[in-house]
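Visitor: I have just started learning about protein structure, and I would like a tour of this one. May I ask my questions as we go along?

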Amino acid sequence: MASSLIYLVDDDEDDRFFAKLTFQQHFSETELVCFEDGEELLLHIEQHPDTALPELVLVDLNMPRMNGFDTLKALKEHAAWKQVPVAILTTSSDVHDQERSKALGACAFLTKPATYEMLAQTIKSGQIICGD
């Protein structure tokens with residue numbers, strides 16, 4: 001049984017696979033639940049209101065149906081979810097994206113690493129896990 005729960009919201013199938021490998025190989029005690037976009041995540045929240053809250057939600061910015069900014073905003077406006085830490089994990093390194101993410105309530109902004117070993121190192125270093 002997993003001791004912690006993290007949600008990943010990313011439309012790229014390869015990136016979801018990449019993240020799953022990282023968690024399986026380096027963080028087997030953590031359950032990673034993936035969603036293809038913000039709409040799928042919000043539908044899950046609506047349909048499962050009593051589900052356990054994750055310790056962290058990782059959100060990509062560039063998604064077609066509902067982008068990361070809108071997903072972050074919706075989570076921070078939701079009564080039960082507004083205290084859940086949300087980190088942006090994206091290919092963008094634009095300072096304006098970083099500033100907007102912080103203004104909307106993101107606890108971290110990280111550019112996606114090139115390999116899952118680099119992602120594991122980023123997680124292990126504590127750059128993603130957000131504190132209160």
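Visitor: Where is Ser 93 found?
Guide: Start with the elements on either side, where helices (H or I, at least four residues) and strands (E, at least two) are DSSP runs numbered from the N terminus. One neighbouring element is strand β4, and the other is helix α4 (95-104). Ser 93 is found in the loop between β4 and α4.

Visitor: Is Ser 93 buried or exposed?
Guide: Buried means under 20% relative accessible area, exposed over 50%, and partly exposed in between, with a 1.4 Å probe and protein chains only. Ser 93 has a relative accessible area of 54%, so it is exposed.

Visitor: Which residues does Ser 93 touch, not counting residues up to four places away in sequence?
Guide: Touching here is contact, which means heavy atoms within 4.5 Å. Thr 111 is 18 residues apart from Ser 93 in sequence, and their C-alpha atoms are 6.1 Å apart in space. With residues up to four places away left out, Ser 93 touches Gln 98 and Thr 111.

Visitor: What kind of model is this?
Guide: Residues are numbered from 1 along each chain as its sequence is written, and side-chain values use heavy atoms, with hydrogens and water left out. Local features need pLDDT of at least 70, side-chain atom pairs count only at pLDDT 80 or more, and totals for chains, interfaces and linings use all residues, as this is a predicted model.

Visitor: In what order do the elements of the protein run from the N terminus on?
Guide: The secondary structure comes to five helices and five strands. From the N terminus on, the order is β-α-β-α-β-α-β-α-β-α.

Visitor: Why is the protein called as compact as a globular protein of that length?
Guide: The radius of gyration is taken over C-alpha atoms, and the globule rule is 2.2 Å times the number of residues to the power 0.38. For 132 residues that rule gives 14 Å, so the protein counts as compact because its own radius of gyration is close to this, at 14 Å.

Visitor: In what sense do β1 and β2 pair?
Guide: Two strands pair if DSSP finds at least two bridges between them. β1 (residues 4-9) and β2 (residues 30-35) have six bridges, and Ile 6 has Leu 32 of β2 as its bridge partner. The chain crosses from β1 through helix α1 (residues 13-26) to β2 in a right-handed β-α-β crossover (clockwise from the first strand over the helix to the second, with the strands pointing away from the viewer). The sense of the pairing is parallel.

Visitor: Which residue of β3 stands opposite Leu 8?
Guide: β1 and β3 (residues 56-59) also pair in the parallel sense, over four bridges. Leu 8 points the same way from β1 as Ser 4 and Ile 6. Opposite Leu 8 in β3 stands Leu 58.

Visitor: Which residues of the largest nonpolar core touch the most other members?
Guide: A nonpolar core is a set of buried Ala, Val, Leu, Ile, Met, Phe, Trp, Tyr and Cys residues joined through side-chain atoms within 4.5 Å. The largest has 19 residues, and β1, α2 (38-47), β3, α3 (68-77) and β4 each supply at least two of them. The two that touch the most other members are Leu 41 and Val 57.
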